[in-house]
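Open the model in your viewer and keep the sequence panel visible. The stops below can be selected one after another.

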Amino acid sequence: MDTNNNWLDDSDLTIDELKMVGLAYQDGSISLAGRYVFPIRDLGGHLVQIKGRADPSLGIEPKSLPLRMKPISAPADWRSYSHMNYLYGEERIQSMSESYVIIAEGEPDLLTLRSMKLNALGLQTNNGFANHAYKLSKFNKIYICLDNDLASQRTLLKQLVELQSKLPRSEVFNITLPKLGGDDIKIDINDYVCKYGKTHSDFCDLLSQADSVFDLAISSWGPLYKDNDVFSKLTSLIRTKQGDERRSLISKLSIATGKREELLAFAVDPASYD
């Protein structure tokens with residue numbers, strides 16, 4: 001779509017009609033301006049999303065952008081075309097026989113995992129994956145593998161904790177992609193395999209090293225993840241643990257978060273922590 005609205009002069013559409021379906025914002029600007037627009041369809045041929053991919057020469061970020069604006073005429077329970085509503089490949093979930101699933105970021109990463117015969121689904125954006133919890137309850141283990149850039153990592157722990165809270169019978173893990181190109185070079189799953197030549201065996205090693213929600217909280221608590229809502233959900237998860245496991249988590253989280261007194265409230269024998 002052009003970055004200006006001149007094309008509307010040759011169209012039967014009006015700016016108000018574009019606003020009604022989410023293709024224009026309230027100020028009249030085009031939501032997917034400067035992008036090639038692709039319809040996203042499920043296996044049944046149903047339109048489930050409209051996605052824009054930026055022309056590299058325009059330097060627009062993010063490069064990939066799903067239609068995300070709620071149309072002004074939408075009902076309160078509106079779901080169609082929502083970027084939070086569709087996982088690439090979700091129509092295959094019921095036929096998946098594996099007990100695990102990997103949630104990747106975007107179509108290329110999903111296709112790369114599928115080419116290695118790994119059970120995977122794809123996100124349309126790097127956040128909001130906890131909203132898909134109701135689709136994932138059949139899996140015993142859920143691995144989240146996002147790009148290793150700051151934008152993807154900023155809300156990671158919060159989303160992981162929320163997903164784990166919604167799926168208490170499943171185990172949720174985070175796969176951290178190594179910074180093979182240097183600290184400032186973002187890589188994704190597609191880069192990991194296609195650019196750096198990593199194999200199925202290499203990725204399985206990453207699966208075996210994946211961090212649980214608690215592992216990630218303990219190792220990375222700080223300015224990036226300092227969030228009272230996250231801490232509250234973590235304490236709720238501690239209640240599901242018993243014996244030595246609960247004791248160990250309370251001790252480690254006390255050191256990592258500096259919230260010893262709050263955590264001792266969930267200890268069976270708080271006096272023994274002195």
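Start with Arg35, which stands opposite Ala54 in strand 2. This is a predicted model, and the pairing at this stop belongs to strand 1 and strand 2 (residues 47-54), which run antiparallel and are joined by seven bridges.

Extend the selection to the whole sheet around this pair. Its three strands form an open sheet with the order 1-2-3 and antiparallel pairing. Strand 1 (35-41) and strand 3 (64-66) are the edge strands, each pairing on one side only. Direction ignored, neighbouring strands of this sheet are turned by 25° against each other on average.

Before going on, colour the chain by pLDDT. The chain has a mean of 79, and 78% of its residues reach 70 or more. Now select residues 77-84, where pLDDT stays under 50. The model has 20 contacts beyond four places in sequence for residues 77-84. Where pLDDT is low, the predicted coordinates should not be read in detail.

Next, select strand 4 (residues 100-105). How many of its six residues are buried? Six of the six are, and the strand is mostly covered. Show the side chains to see how they divide between the two faces. Tyr100, Ile102 and Ala104 lie on one side, while Val101, Ile103 and Glu105 lie on the other, and all of them are buried. Note that Glu105 is among these buried residues.

Now add the partners of strand 4. On one pairing, strand 4 and strand 6 (residues 141-145) run in the parallel sense over five bridges; here Ile102 has Tyr143 of strand 6 as its bridge partner. Strand 4 also pairs with strand 5 (residues 120-123), again in the parallel sense, over four bridges. In that pairing Ala104 stands opposite Gly122 of strand 5. To follow the connection, trace the chain from strand 4 through helix 2 (residues 107-115) to strand 5: this β-α-β crossover is right-handed.

Pause on the loop between helix 2 and strand 5 and select Lys117, which lies there. Phi of Lys117 is near 65°, a positive value in a residue other than glycine. Is Lys117 buried or exposed? With a relative accessible area of 72%, Lys117 is exposed, because the cut-off for that class is over 50%.

Zoom out to the sheet that holds strand 4. It is an open sheet of five strands in the order 5-4-6-7-8, with mixed pairing. Strand 5 and strand 8 (211-212) stand at the edges; each has a single partner strand, so one side of each is left without a neighbour in the sheet. Helix 4 (residues 156-166) packs on this sheet and touches strand 6 and strand 7. The direction of helix 4 makes about 165° with that of strand 7.

Select strand 6 together with strand 7 (residues 171-174). The two run parallel and are joined by four bridges. Ile144 has Asn174 in strand 7 as its bridge partner.

For the last stop, select Cys145 and Cys204. How many disulfides does a search of the whole structure find? The search finds zero. The two residues can still be compared by accessibility. Cys145 counts as buried because its relative accessibility is 0%, and the class requires under 20%. Cys204, with a relative accessible area of 27%, is partly exposed.

How values were computed
Residues are numbered from 1 along each chain as its sequence is written. This is a predicted model: local features need pLDDT of at least 70, side-chain atom pairs count only at pLDDT 80 or more; totals for chains, interfaces and linings use all residues. Side-chain values use heavy atoms; hydrogens and water are left out. A disulfide is a pair of cysteine sulfur atoms within 2.5 Å. Buried means under 20% relative accessible area, exposed over 50%, partly exposed in between (1.4 Å probe, protein chains only). pLDDT is the predictor's confidence in each residue, from 0 to 100. Contact means heavy atoms within 4.5 Å. Two strands pair if DSSP finds at least two bridges between them. A crossover is right-handed if, with the strands pointing away from the viewer, the path from the first strand over the helix to the second runs clockwise. Axes are lines fitted to C-alpha atoms, for helices over the stretch in contact, and angles run from 0 to 180 degrees between N-to-C directions.
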